[in-house]
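Start with the model itself, then read on. The report below begins with one pair of helices and widens from there.

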Amino acid sequence: MIPQKNQFSKANEWDEPEEEYIRAYSKAEIIALQQNNANKYPPVSPWKVVAAQTLVTMVSMVAWAVFGGLVGVSLYTQSAFLGGLISVLPTGLFLVRLELAKKTSKLKPEGFLAALVTGEFIKIATTLMLFLGIAYLVPGIAWVPLLVTYFLALKCMWLVYLRR
């Protein structure tokens, strides 16, 4: 059957479907769900991420030492160390900020959100200051080892989550 001009169906196909009902769980139900999934999804400590970043930085320093000289610490090793430092130090400061926020006696959701935002600001500002400081204060820096180690250390969160 060919539709005629100005003939519409009874149900408008462009109408939005009815909104889904979202059930609110009680505190007891949330605790029961958390305990049920505790074995399947164990919590990951953020300090494990910092430890993994430190380990990846050390491994990268050893790997980049192959390209350097045989005597002493090479420029490649120093650059790899600085790249790891740019990743580890801001992450550590961010976690310290969150730990301090957790220890306050009257922590409300908006207080924790404020701590999260200020911690992220501290992390971004520290990262930028370290990059700029190294660019201006360290002569002859090897940028490839620095950036490779920095990006490897940033991806450590994925390693920690995959390992669990």
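Lys48, Val49, Ala52, Gln53 and Val56 in H2 meet Cys156, Met157, Leu159 and Val160 in H6. Contact here means heavy atoms within 4.5 Å. By class, this contact of H2 with H6 has 7 nonpolar, 1 polar and 1 charged residues. Ala, Val, Leu, Ile, Met, Phe, Trp, Tyr, Cys and Pro count as nonpolar, Asp, Glu, Lys and Arg as charged, and the others, Gly among them, as polar.

This is a predicted model: local features need pLDDT of at least 70, side-chain atom pairs count only at pLDDT 80 or more, and totals for chains, interfaces and linings use all residues. Residues are numbered from 1 along each chain as its sequence is written, and side-chain values use heavy atoms, with hydrogens and water left out.

**How the two helices cross**

Two packed helices are described by the angle between their axes and the distance between the axes. The axes of H2 (residues 46-65) and H6 (residues 156-163) come within 9 Å. They cross at roughly 115°. Axes are lines fitted to C-alpha atoms, for helices over the stretch in contact, and angles run from 0 to 180 degrees between N-to-C directions. The crossing of H2 and H6 is right-handed.

**The whole chain**

The protein chain has 6 helices and 0 strands. Helices (H or I, at least four residues) and strands (E, at least two) are DSSP runs, numbered from the N terminus. Of the 164 residues, 26% count as buried. Buried means under 20% relative accessible area, exposed over 50%, and partly exposed in between (1.4 Å probe, protein chains only). Among contacts with a separation of 6 or more, 71% join residues 24 or more positions apart.

**Helix H2**

Which residues of H2 are buried? They are Val49, Val50, Ala52, Gln53, Val56, Thr57, Ser60 and Trp64. Seen down the axis of H2, these buried residues fall within an arc of 160°, so they line one face of the helix. The arc is that of the directions from the helix axis to the C-beta atoms. The buried residues of H2 pack against H3 (75-102), H5 (143-154) and H6. On the other side of H2, Lys48, Leu55, Val59 and Val62 are exposed.

**Helix H4**

H4 covers residues 109-137. Its buried residues are Ala115, Gly119, Thr126, Thr127, Leu130, Phe131 and Ile134. H3 and H5 are among what covers them.

The lengths of H2 and H4 can be checked too. The expected span of a helix is 1.5 Å times one less than its number of residues. For H2, the expected and actual values agree. For H4, they agree as well.

| Helix | Residues | Expected span | End C-alpha atoms apart |
|---|---|---|---|
| H2 | 20 residues | 28 Å | 29 Å |
| H4 | 29 residues | 42 Å | 41 Å |

**Three single residues**

Thr149 is found in H5. Is Thr149 buried or exposed? Thr149 is buried, with a relative accessible area of 0%. Leaving aside neighbours within four places in sequence, Thr149 is in contact with Thr57, Ser60, Trp64, Ala80, Gly83 and Gly84. Of these, Thr57, Ser60 and Trp64 are also among the buried residues of H2.

Ile124 is found in H4. Ile124 counts as partly exposed, at 46% relative accessibility. The C-alpha atoms of Ile124 and Pro90 are separated by 7.5 Å, with their positions 34 residues apart along the chain.

Tyr161 is found in H6. Tyr161 is partly exposed, with a relative accessible area of 40%. Tyr161 and Pro43 are 118 residues apart along the chain, and their C-alpha atoms are separated by 9.6 Å.

Key:
Left-handed = near helix turned anticlockwise from the far one by under 90°.
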